[in-house]
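Here's a quick briefing to read alongside the model. Have the sequence and the 3D view open as you go.

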Amino acid sequence: ASSANRIAFTATRSGVIEAFDVAHYNNRGRYVTKGNLYGPLRVTAPLPGEPAGVILKLYGLTNDGLIVIDLQAADIKP
């Protein structure tokens, strides 16, 4: 599988989402949120009408509610 298909995301209690390669476990990105995350993360393809550069949408829950992060290719390290 290409490295683009091997990415996974995990959240920490300190409000950080880490992206990593599931085959080699190297870091592919780090995203800081305003609140502490809990529960599962969800990732989808861009929705119709999204800006052209958005390649993934990342969803998570904090005590303040739902967060949505629009990821572009530049946000994910090769």
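A quick word on terms first: a residue counts as buried under 20% relative accessible area, as exposed over 50%, and as partly exposed in between. By that yardstick R30, at 52% relative accessibility, goes down as exposed. Keep in mind that this is a predicted model. The chain has six strands and zero helices, and buried residues make up 36% of its 78 residues.

**Overall build**

- Reading from the N terminus, the elements simply go β-β-β-β-β-β.
- The radius of gyration is 12 Å, which agrees with the value near 12 Å that a compact globule of 78 residues would have.
- Along the principal axes, the C-alpha atoms fill a box of roughly 35 × 35 × 20 Å.
- Take the contacts between residues at least 6 apart in sequence: 27% of them join residues at least 24 apart.

**The three-stranded sheet**

- Three strands make up an open sheet, ordered 1-2-3, with antiparallel pairing.
- Strand 1 (7-11) and strand 3 (27-32) sit at the edges, each pairing on one side only.
- On average, neighbouring strands in this sheet are turned by 20 degrees against each other, direction ignored.
- Strand 2 (residues 16-21) runs antiparallel to strand 3, and five bridges join the two.
- If you want a spot to check the register, V16 stands opposite V32 in strand 3.

**The nonpolar core**

- The largest nonpolar core has 13 residues, and those touching the most other members are F9, I17, Y31, L58, I69 and L71.
- Strands 1, 2, 4 (37-44), 5 (54-62) and 6 (65-72) each put in at least two residues of this core.
- Strand 6 gives the largest share of the core, with three residues.
- What does L71 touch, once residues up to four places away in sequence are set aside? The list is F9, Y31, G53, V54, I55, L56 and L58.

**L37 and its surroundings**

- L37 lies in strand 4 and is buried, with a relative accessible area of 8%.
- Skipping its neighbours within four places in sequence, L37 is in contact with a long stretch of partners: A11, T12, R13, G15, V16 and I17, then G60, L61, T62 and I67.
- One of those partners, G15, is 22 residues from L37 in sequence, yet the two C-alpha atoms are 5.4 Å apart in space.

**Salt bridges**

- How many salt bridges does a search of the whole structure find? It turns up five.
- D21 pairs with R6, with the closest N and O atoms 2.8 Å apart. D21 is in strand 2 and R6 is in the segment before strand 1, so this salt bridge ties together parts that are 15 residues apart in sequence.
- Both partners of that pair are buried: D21 has 3% relative accessibility, and R6 has 18%.
- E18 and R30 meet through their side chains in another salt bridge, at 2.5 Å from N to O. This pair links distant parts of the chain, with E18 in strand 2 and R30 in strand 3, 12 residues apart.
- Are the two ends of that bridge buried or exposed? E18 is buried, with a relative accessible area of 18%, whereas R30 is exposed at 52%.
- K57 forms a salt bridge with D70, and here the closest N and O atoms are 2.5 Å apart. K57 belongs to strand 5 and D70 to strand 6, so the pair ties together parts that are 13 residues apart in sequence.
- K57 is buried at 6% relative accessibility, while D70 is partly exposed at 35%.
- There is also a network: salt bridges with shared partners join R6, D21 and R28.

**Where to look when you open the model**

- For the sheet, start at strand 2 and follow its five bridges across to strand 3.
- For the core, try L71, whose contacts include F9, Y31 and L58.
- For the charged pairs, go to D21 and its salt bridge with R6, then look for R28, which belongs to the network with R6 and D21.

Methods. Residues numbered from 1 in each chain as written. Predicted model: local features only at pLDDT ≥ 70, side-chain atom pairs only at ≥ 80, totals over all residues. Heavy atoms only, no water. Pairing = 2+ DSSP bridges. Helix = DSSP H or I, 4+ residues; strand = E, 2+ residues; numbered from the N terminus. Axes fitted to C-alpha atoms, helices over the stretch in contact; angles between N-to-C directions. Core = buried A, V, L, I, M, F, W, Y, C linked by side-chain atoms within 4.5 Å. Buried < 20%, exposed > 50% of the residue type's maximum accessible area, 1.4 Å probe, protein only. Contact = heavy atoms within 4.5 Å. Salt bridge = Lys/Arg side-chain N within 4 Å of Asp/Glu carboxyl O. Rg over C-alpha atoms; globule rule 2.2 N^0.38 Å.
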